Amino acid sequence: MHTLIFATNNKNKVAEIQSLVGPDFTIIPLLEAGIDIDIPEPHETLQENAFEKASTIHSITNQNCFSEDTGLEIEALNGAPGVKSARYAGEGRDFQANIDKVLQSLNDIDYRTAQFRTVICLLWQDAENILQTHYFEGICKGRIAYEMQGDKGFGYDPIFIPDGSDKSFAEMSMEEKNVFSHRKKAVTQLFEFLQTK
Ligand code: IMP
């Protein structure tokens, strides 16, 4: 049995990842670990932000932990909102305002290719007590819808349609989203790694 702190307070992410892990792993979100802080994401890459979150939590708890950072990368916007996805429309981290800004930015543009990219950073104390840093990446390719579709999920889900589907993520159950999900792909690699431990 492995216990891992997940450096997030995002209930949707915890629920998604919880739905992916077997009984051999116990995932503890920050609040459950008694940590009530908002970790900054000041960097220019998903990797650096993920490392910042994981190392902040490791320095507080001294326990194995992981974090993840996700960005929506839209080709016609040169990869924006990317690492700034949470705050695309301002510091309020407002899902609806972020979606509105994406739809407005793509108003006259039919080239709507996009991808979600997740980077997980794991800080893991090995058998010799050496702290290892590992990264795992998951990508989901797709396109941006012309208008919002569906009311499930969170974030940009109502406007993202993964390749191989006509439905947006917000029109899918969690199980359907997991067939395509960037986060699922990254988490699968994380747990494949952990299973060797
Ligand atoms: P962060 O990884 O929490 O910084 O998320 C960056 C932004 O992308 C936030 O606005 C999230 O809501 C959004 N986001 C992250 N993962 C997903 C997803 O699976 N679907 C839709 N939006 C997401």
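# Close-up views of a predicted model

**Figure 1. The ligand and the residues around it.** Of the 16 residues that surround the ligand, those coming nearest are Lys 13, Thr 70, Asp 157, Lys 177 and Arg 183. Please keep in mind in this and every other view that the model is predicted. Three side chains are worth picking out for their polar atoms. An oxygen atom of the ligand is 2.9 Å from an N or O atom in the side chain of His 182. For Asp 69, an N or O atom of the side chain is 3.1 Å from a ligand oxygen. For Glu 41, the distance between a side-chain N or O atom and an oxygen of the ligand is 3.2 Å.

**Figure 2. The start of helix H1.** Begin with Asn 10, which sits in the loop between E1 and H1. Where H1 starts, a side-chain oxygen of Asn 10 comes to within 2.9 Å of the backbone nitrogen of Asn 12. The backbone nitrogen of Lys 13 can be found in this view too, 3.1 Å from a polar atom of the Asn 10 side chain. Lys 13 has already appeared in Figure 1, as one of the residues that come nearest to the ligand.

**Figure 3. The buried face of helix H1.** Helix H1 covers residues 11-18, and its buried residues are Lys 13, Val 14, Glu 16 and Ile 17. Looking down the axis of H1, you will find these buried residues within an arc of 165°, so they line one face of the helix. What do the buried residues of H1 pack against? Their partners are three strands, E1 (2-6), E2 (25-29) and E3 (65-74), together with two helices, H4 (174-180) and H5 (182-195).

**Figure 4. Cysteines without a disulfide.** If you are wondering about disulfides, the structure holds zero of them. As a reminder, a disulfide is a covalent bond between the sulfur atoms of two cysteines. Why does Cys 121 have no bond to Cys 65, which holds the closest cysteine sulfur? The sulfur of Cys 121 is 7.7 Å from the sulfur of Cys 65, which is too far for a bond. Cys 121 counts as buried, because its relative accessibility is 0%. Cys 140 counts as buried as well, at 2% relative accessibility.

**Figure 5. The E5-E6 hairpin and strand E7.** Strand E5 (residues 113-125) and strand E6 (residues 131-144) pair in the antiparallel sense, with 13 bridges between them. To find your bearings, look for Thr 113, whose bridge partner in E6 is Arg 143. E5 and E6 form a hairpin with five residues between them. In the turn of this hairpin, Asn 129 has a positive phi of about 65°. Strand E6 also has bridges to strand E7 (residues 160-162): three bridges join the two, which run antiparallel. Here the bridge partner of Ile 144 is Phe 160, in E7.

**Figure 6. A cis peptide bond at Pro 81.** The peptide bond joining Ala 80 and Pro 81 is cis, with omega of about -5°. Pro 81 lies in strand E4, which consists of residues 81-82.

**Figure 7. Positive phi in two loops.** Which loop holds Asn 78? Look between E3 and E4 for Asn 78. The phi of Asn 78 is near 55°, a positive value in a residue other than glycine. Asn 78 is exposed, and its relative accessible area is 77%. A second case is Arg 93, in the loop between E4 and helix H3 (95-105). Arg 93 is likewise a residue other than glycine with a positive phi, in this case near 50°. With a relative accessible area of 35%, Arg 93 is partly exposed.

**Figure 8. Val 102 and its contacts.** Val 102 belongs to helix H3. Is Val 102 buried or exposed? At 0% relative accessibility, Val 102 counts as buried. Setting aside neighbours within four places in sequence, Val 102 is in contact with Ile 74, Tyr 88, Ile 144, Tyr 156 and Ile 159. One of these contacts, Ile 144, is the residue you met in Figure 5 as the bridge partner of Phe 160. Another, Tyr 156, is 54 residues from Val 102 in sequence, yet the two are 9.2 Å apart in space, C-alpha to C-alpha.

How values were computed
Residues are numbered from 1 along each chain as its sequence is written. This is a predicted model: local features need pLDDT of at least 70, side-chain atom pairs count only at pLDDT 80 or more; totals for chains, interfaces and linings use all residues. Side-chain values use heavy atoms; hydrogens and water are left out. Buried means under 20% relative accessible area, exposed over 50%, partly exposed in between (1.4 Å probe, protein chains only). Helices (H or I, at least four residues) and strands (E, at least two) are DSSP runs, numbered from the N terminus. The arc is that of the directions from the helix axis to the C-beta atoms. Contact means heavy atoms within 4.5 Å. A polar contact is a pair of N or O atoms within 3.5 Å; within protein, one must be able to donate a hydrogen and the other to accept it, and residues adjacent in sequence count only if both atoms are side-chain atoms. A disulfide is a pair of cysteine sulfur atoms within 2.5 Å. Two strands pair if DSSP finds at least two bridges between them. A residue is near a molecule or strand if one of its heavy atoms lies within 4 Å of it.
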